Amino acid sequence: MAEENVLKENLREAASRLHALLGGREPEVGIILGSGLGPLADQVEDAVVVPFGQIPHMKRSTATNHKGQFVCGSLGGKCVLVMQGRLHGYEGNTPQEVAFPVWVMHELGVGTIITTNAAGAINESYNVGDFCIMSDHINFTGRNPIVGQDPDGIAFRFFSMKDAYDPELRALAHRVASENGISVQEGVYLGLLGPSFETPAEIRMFRAWGADTVAMSVVEEVIAARHVGMRVLGISLCSNMACGIEGASPSDEEVFEVAQRREPDFCRLVTEVVRGM
Ligand code: HPA
């Protein structure tokens with residue numbers, strides 16, 4: 001008999017519960033909303049809301065302003081499954097717990113995810129309030145959700161991370177941004193565990209490594225998505241200059257203020273990208 005794969009079993013149970021709660025909706029696109037970016041979920045039409053707590057084996061969100069619920073309905077003319085709030089490593093979640101909802105989306109038939117966050121800008125040519133399309137990432141969390149036997153039983157553990165951030169989706173995002181008069185950057189994102197912000201010395205090191213932005217999410221989700229062959233688009237809102245850049249000292253309040261200010265453009269950008277997919 002084949003060895004028991006607990007992760008696979010848990011994913012099946014979670015996906016089948018979520019499927020039942022979605023009342024026949026069949027989402028094609030998954031959207032993960034980062035800090036302060038949750039209001040986009042309120043624009044989903046004909047929405048059904050499922051708190052993470054109703055899904056077996058799924059962790060709840062404890063982060064500030066992360067509602068911790070799925071919102072499924074219509075956005076940009078497509079059926080989307082939005083995570084209004086995400087799970088972070090710094091909340092005490094294991095890498096597999098962080099990745100779990102991404103794999104659940106895949107089980108439900110979602111083929112593409114748009115993952116978003118608020119990030120610190122390391123690149124000095126960026127401005128607070130800029131959007132940055134992720135071209136690639138540096139995983140500096142020291143963790144990886146594919147570690148262990150069970151993920152390897154779902155899909156092969158040695159897979160390429162080249163073009164993890166889909167070149168066609170990046171081109172689409174640039175096109176949509178320019179059509180809507182929204183200026184965007186494109187750069188390398190560095191993800192770490194947090195929850196303390198970085199030191200100026202760390203930021204200088206990350207800049208030397210080629211990182212343009214930094215935050216405490218996304219990389220584990222993207223590794224999980226690529227593991228099962230989902231297409232990925234990543235968009236950061238530069239909510240602050242990274243620690244030490246132009247004398248910056250980041251704070252949680254600043255992140256939310258900037259997210260609130262940039263909300264209309266953020267909603268338009270993501271909605272029109274979904275429409276163009
Ligand atoms: N560092 C890490 N995470 C962040 C930042 C930052 O400067 N801004 C928003 N999330």
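**View 1. Polar contacts of the ligand.** In this predicted model, a polar side-chain atom of Asn240 lies 2.7 Å from a nitrogen atom of the ligand. Two backbone contacts, each with a nitrogen atom of the ligand, are also present: a backbone N or O atom of Ala118 at 3.3 Å, and a polar backbone atom of Gly120 at 3.3 Å. Polar contacts are pairs of N or O atoms within 3.5 Å. Of the 260 Å² of accessible area (Shrake-Rupley method, 1.4 Å probe) that the ligand has on its own, the protein covers 94%.

Local features need pLDDT of at least 70 and side-chain atom pairs count only at pLDDT 80 or more, while totals for chains, interfaces and linings use all residues. Residues are numbered from 1 along each chain as its sequence is written, and side-chain values use heavy atoms, without hydrogens or water.

**View 2. Surroundings of the ligand.** Residues with a heavy atom within 4 Å surround the ligand, among them Phe197, Glu198, Val214, Met216, Ser239 and Pro250.

**View 3. The largest nonpolar core.** This core has 44 residues, and Leu18, Phe70, Met105 and Ile113 have the most contacts inside it. Such a core joins buried Ala, Val, Leu, Ile, Met, Phe, Trp, Tyr and Cys residues through side-chain atoms within 4.5 Å, where buried means under 20% relative accessible area. Elements that each supply at least two residues include helix 1 (6–21), strand 3 (69–75) and strand 5 (112–121). Helix 2 gives the most, with six residues. Helices (H or I, at least four residues) and strands (E, at least two) are DSSP runs, numbered from the N terminus.

Definitions and conventions. A polar contact is a pair of N or O atoms within 3.5 Å; within protein, one must be able to donate a hydrogen and the other to accept it, and residues adjacent in sequence count only if both atoms are side-chain atoms. Buried means under 20% relative accessible area, exposed over 50%, partly exposed in between (1.4 Å probe, protein chains only).
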